Amino acid sequence: MLELKNVTKIYKNKVGTDVLALDDISLKFPDKGMVFLLGKSGSGKSTLLNVIGGLDVPSKGEIIVKGRSSKDFTNSDFDSYRNTYVGFIFQDFHLLEDLTVEENLKFFAALFGVEVEDSYDLVAPIYRQIEPFKNRRAGKLSGGMKQKLALSCALIHRPSVLFLDEPTTGVDAVSRTEFWDMLADLKAKGITILVSTPYMDEASRCDRIALCNDGRILSIDTPTEIVQGFDAPLYA
Ligand code: ADP
Ligand code: MG
């Protein structure tokens with residue numbers, strides 16, 4: 001359904017030198033399930049998510065969506081990819097901080113040209129948890145509540161795939177656990193999930209881990225295979 005072929009992304013830094021953010025990445029995503037993109041800061045996670053999510057274009061290479069190459073995409077193909085197929089949660093959530101919880105949800109529904117009711121079954125189990133605070137401004141929410149609102153807004157147009165960029169960074173431990181449970185529910189409802197994290201301890205929650213370093217994918221394994229790959233015990 002979704003595949004990257006030889007994707008390279010080169011940025012220019014402030015002094016005009018090339019930065020190789022993605023280095024010739026080829027990978028095929030499973031049609032179902034949850035994939036983790038695990039890597040330290042600067043390893044290329046956000047760039048990869050942005051490129052796959054259609055928010056940025058590769059310098060070289062292509063994305064194949066349902067058998068069609070991004071090289072053949074018109075602007076309106078990109079719009080429809082972003083607006084119907086993909087759901088995205090940015091690292092800092094990108095909510096409208098001066099709008100209330102309820103206004104944010106309505107704003108994102110309007111942005112995608114849908115009615116909140118259309119995705120009620122997907123959004124309600126998450127939104128209900130923050131509904132008591134529906135008149136609170138998004139900027140005044142805790143990290144865990146922002147995360148739930150961002151997830152509700154990202155699901156409003158019923159995307160097939162959901163990309164999340166470090167959604168649990170800076171969020172307390174209880175909210176993190178609740179969040180993984182919500183993602184597991186979404187996965188069970190058939191949404192494919194690609195989520196980046198710098199936390200190894202969260203990795204057991206996914207089906208596949210893609211290890212990301214210096215703009216390359218070092219390996220793609222199940223969590224069990226990754227743990228078995230460490231031949232020395234962590235604690236003597
Ligand atoms: P991560 O999300 O894993 O922290 P990023 O994808 O943000 O990694 O960054 C990968 C590399 O690309 C880093 O060296 C970063 O400095 C560089 N980079 C990312 N975005 C830009 C940009 N807009 N301009 C220049 N360099 C960038
Ligand atoms: Mg990042």
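# Notebook: pockets, ligand shell and cavity

I began with the lining of the largest pocket, and I noted that E6 gives the largest share of it, with four residues. I keep in mind throughout that this is a predicted model.

**Entry on the largest pocket**

I looked up the volume of the largest pocket, and I found a value of about 360 Å³. The elements that give two or more residues to its lining are helix H2 (75-85), strand E6 (86-89), helix H3 (101-112) and helix H5 (143-155). I then asked how many residues line the largest pocket and which of them lie nearest its centre. The lining has 19 residues, and those nearest the centre are Phe88, Phe90, Phe108, Leu111 and Phe112. When I sorted the lining of the largest pocket by class, I wrote down 13 nonpolar, five polar and one charged residues.

**Entry on the second largest pocket**

I turned next to the second largest pocket, which holds about 230 Å³ of space. Its lining is made up of Glu102, Leu105, Lys106, Val116, Glu117, Tyr120, Val123, Ala124, Tyr127, Arg128 and Glu131. I wanted to know which elements each supply at least two residues of this lining, and the answer is H3 together with helix H4 (120-127). H4 gives the most to the lining of the second largest pocket, namely four residues. By class, I counted six nonpolar and five charged residues in the lining of this second largest pocket, with no polar residue.

**Entry on ligand 1**

I listed the residues that surround ligand 1, and they are Tyr11, Lys12, Val19, Ala21, Lys40, Ser41, Gly42, Ser43, Gly44, Lys45, Ser46 and Thr47. I then went through the polar contacts one by one, and I started with Thr47, where a polar side-chain atom lies 2.5 Å from an oxygen atom of ligand 1. For Gly44, a backbone N or O atom lies 3.1 Å from an oxygen atom of ligand 1, and for Ser43, a polar backbone atom is 3.2 Å from an oxygen atom of ligand 1. I also checked how much of ligand 1 is covered, and I found that ligand 1 taken alone exposes 570 Å², of which the protein buries 62%. The elements that give two or more residues to the shell around ligand 1 are strand E1 (2-12), strand E2 (18-28) and helix H1 (45-52). The largest share of this shell comes from H1, with three residues. Sorted by class, the shell around ligand 1 has three nonpolar, six polar and three charged residues.

**Entry on the cavity**

I asked how many cavities of 30 Å³ or more the structure holds, and I found one. The largest cavity has a volume of about 40 Å³, and its lining consists of Leu2, Phe29, Val161, Leu162, Phe163, Thr192, Ile193 and Leu194. Strand E7 (161-165) and strand E8 (192-197) each supply at least two residues of that lining. I noted seven nonpolar residues and one polar residue in the lining of the largest cavity, and no charged residue.

**Entry on the whole chain**

I closed with the chain as a whole, whose secondary structure comes to seven helices and 10 strands. The radius of gyration of the chain is 18 Å, and the globule rule gives a close value, 18 Å, for 236 residues, so I wrote that the chain is as compact as a globular protein of that length. Taken along the principal axes, the C-alpha atoms of the chain fill a box of roughly 55 × 50 × 40 Å.

Key
Residues numbered from 1 in each chain as written. Chains lettered and ligands numbered in written order. Predicted model: local features only at pLDDT ≥ 70, side-chain atom pairs only at ≥ 80, totals over all residues. Heavy atoms only, no water. 1 Å grid on protein atoms, 1.4 Å probe; cavity = no way out; pocket = protein on both sides within 12 Å on 5 of 7 lines; lining within 4 Å. Points joined across faces, edges and corners; volume = space filled by probe spheres on them. Nonpolar A, V, L, I, M, F, W, Y, C, P; charged D, E, K, R; others polar. Near = heavy atom within 4 Å. Polar contact = N/O pair within 3.5 Å; in protein donor to acceptor, adjacent residues only side chain to side chain. Areas by Shrake-Rupley, 256 points an atom, 1.4 Å probe, with all protein chains shown as cover. Rg over C-alpha atoms; globule rule 2.2 N^0.38 Å.
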